[in-house]
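Student: I'd like a close look at one part of this model. Start there, then work outward to related spots.

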Amino acid sequence: MNDVRGFCDPGFSAVREALAALLGKDDVGASAAVFIDGEPVVDLWGGYADANRSVGWERDTLTGVNSTTKNMIALCALILADRGELDLSAPVAAYWPEFAAAGKENVLVRHALSHTAGLPDLPGLTAVEDLYDWESVTAGLAAQAPEWEPGTAAGYHALTFGFLVGEIVRRITGRGLGEFFAEEVAEPLGADFHIGLSSDHDHRVAPLIPPPSLTDAYAASAPPGPDGTRRENTGAVVRVKDANSVPWRRAQIPAVNGFGNARSVALVQSVLANQGSAGGVRLLSPQGCEPAWQEVFRGDDRVLGTPMSWTVGFGKFGDTFGWGGWGGSLVVSDPGSHMTVAYVMNQMIDRDRQEDDRGMEIVMAAYSGLR
């Protein structure tokens, strides 16, 4: 069933064609959305919500988007900065005093948001269940020494990113990051995106499907570094069956356990591409959006093993910014054209075994609509 449903502005018909082609090839179920000037011009979905292809992917189907959630966390931080409640150039310890331990008194908020804080791992955690204990994880981070001088190098903070930024938000607002996001972002916009998921939404979830020929024990692996060797995977290993579990949904692991679809991802991120507002709702000033695309670090990322440009919370790619999630989801924003493009799916692809250009195919199809 590669029939694509939803609506698509005629000028963006290439997006419909691209999604249909993906559903006819690699994808089981997926959604794609494009927002221009904070308004939808593409909102499409199709395929199936389950590996057995017995349940259709509906308009309001949700799935885990893994690290695409990081884009949402970064927006929360930028909103607080724009309100004057968070200084991106202040030490993290100004908001979280215990964090100054072990030589971290000079770690700045912008370091935590740009993967340059020197805290990419959670070595004290041995099981995924350990991630569900917020106080234990953040206390461990507060006590940990950085792996490098903060600000001098970057290393993708796959899991720690959410705990670092989330604890800063909690210290400032008294609210967990999921609660802050729901009240200050999702509800005003009417966005169906959730950091952590309540039982009310379980019936709408499309479980992630392991890459072809792999089982739900499939786990993310660190990519090879510049010398060809793999970085040791320290800390809890997250498998597909963990990301599909009920405890995972109920937890707060804000770097990776967001649930949504392309419509909700694109709606939220279109705020940053459209000078701080979407759908007539303003969340921050035009100036408050600028850190999203202002480069903080450029160079080889010690964890990803590839050259990267990091901004305050996002990967920067030419004139665009955004980030994707383990398995294939992606969001890209272009402030020059006020465009945001999102792709969310349930069929994962293992990049070690197979190239995965699905999200970029949707992005490039969207750009064809701007011509």
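Student: Which residues does Ser285 touch, not counting residues up to four places away in sequence?

Tutor: The model is predicted, so read every value below as computed from predicted coordinates. Leaving out residues up to four places away in sequence, Ser285 touches Asp82, Gln275 and Gly276.

Now place the residue. Ser285 sits in the loop between strand 8 (281–282) and helix 10 (286–289). Is Ser285 buried or partly exposed? Its relative accessible area is 21%. Buried requires under 20%. Ser285 is therefore partly exposed. One long-range distance helps with orientation. Ser285 and Tyr48 are 237 residues apart along the chain, and their C-alpha atoms are separated by 39 Å.

Next, helix 9. Ala273 belongs to helix 9. Ala273 counts as buried, at 1% relative accessibility. The C-alpha atoms of Ala273 and Pro286 are 9.4 Å apart in space, with their positions 13 residues apart in sequence. Beyond residues up to four places away, Ala273 touches Ser333, Asp334, Pro335, His338, Met339 and Thr340.

Helix 9 also has a helix partner. Helix 6 (residues 177–189) and helix 9 (residues 262–273) pack with their axes 10 Å apart, at an angle of about 95 degrees. The two helices are therefore roughly perpendicular to each other. On the helix 6 side, the contact is made by Phe181, Val185 and Leu189. On the helix 9 side, it is made by Leu267, Val268 and Val271. By class, this contact has 6 nonpolar, no polar and no charged residues.

Ala262 of helix 9 leads to strand 2. Ala32 lies in strand 2 (residues 29–36). Ala32 touches Ala262, along with Val15, Leu19, Val42, Asp43, Leu44, Ala342 and Ile362, not counting residues up to four places away in sequence. Ala32 is buried, with a relative accessible area of 0%. Ala32 and Val331 are 299 residues apart along the chain, yet their C-alpha atoms are separated by 9.8 Å.

Ala342 in that contact list lies within strand 14 (339–345). The loop between strand 14 and helix 11 (358–368) holds Asp350. Met348 is found in this loop too. Take Met348 to begin with. At 0% relative accessibility, Met348 counts as buried. Its contacts, not counting residues up to four places away in sequence, are Asn66, Leu208, Ile209, Pro210, Pro211, Pro212, Tyr218, Val240, Trp326, Gly327 and Arg358. Met348 and Ser329 are 19 residues apart in sequence, and 8.7 Å apart from C-alpha to C-alpha.

Asp350 is buried as well, with a relative accessible area of 11%. A polar atom of the Asp350 side chain lies 3.0 Å from the backbone nitrogen of Asp352. Setting aside neighbours within four places in sequence, Asp350 is in contact with Pro211, Leu214 and Tyr218. Pro211 and Tyr218 also appear among the contacts of Met348.

Asn66, one of the residues touched by Met348, deserves a backbone check. Most residues other than glycine have a negative phi. Asn66 is not a glycine, but its phi is positive, about 50 degrees. Asn66 lies in strand 4 (residues 63–66). Asn66 counts as buried, at 4% relative accessibility. His115 gives another case. Phi of His115 is near 65 degrees, again a positive value in a residue other than glycine. His115 lies in the loop between helix 3 (109–113) and helix 4 (134–143). At 1% relative accessibility, His115 counts as buried.

Last, the cysteines. How many disulfides does the structure hold? The structure holds 0 disulfides. Cys289 lies within the range of helix 10, the helix that bounds the Ser285 loop. Cys289 counts as buried, at 0% relative accessibility. Why is Cys289 without a bond to another cysteine? The closest cysteine sulfur, in Cys76, is 14 Å from the sulfur of Cys289, and that is too far for a bond. The cut-off is 2.5 Å between sulfur atoms. Cys8 is buried too, at 17% relative accessibility.

Notes:
Residues are numbered from 1 along each chain as its sequence is written. This is a predicted model: local features need pLDDT of at least 70, side-chain atom pairs count only at pLDDT 80 or more; totals for chains, interfaces and linings use all residues. Side-chain values use heavy atoms; hydrogens and water are left out. Helices (H or I, at least four residues) and strands (E, at least two) are DSSP runs, numbered from the N terminus. Buried means under 20% relative accessible area, exposed over 50%, partly exposed in between (1.4 Å probe, protein chains only). A polar contact is a pair of N or O atoms within 3.5 Å; within protein, one must be able to donate a hydrogen and the other to accept it, and residues adjacent in sequence count only if both atoms are side-chain atoms. Contact means heavy atoms within 4.5 Å. Axes are lines fitted to C-alpha atoms, for helices over the stretch in contact, and angles run from 0 to 180 degrees between N-to-C directions. Angles under 35 degrees count as roughly parallel, over 145 as roughly antiparallel, 65 to 115 as roughly perpendicular and the rest as oblique. Ala, Val, Leu, Ile, Met, Phe, Trp, Tyr, Cys and Pro count as nonpolar, Asp, Glu, Lys and Arg as charged, and the others, Gly among them, as polar.
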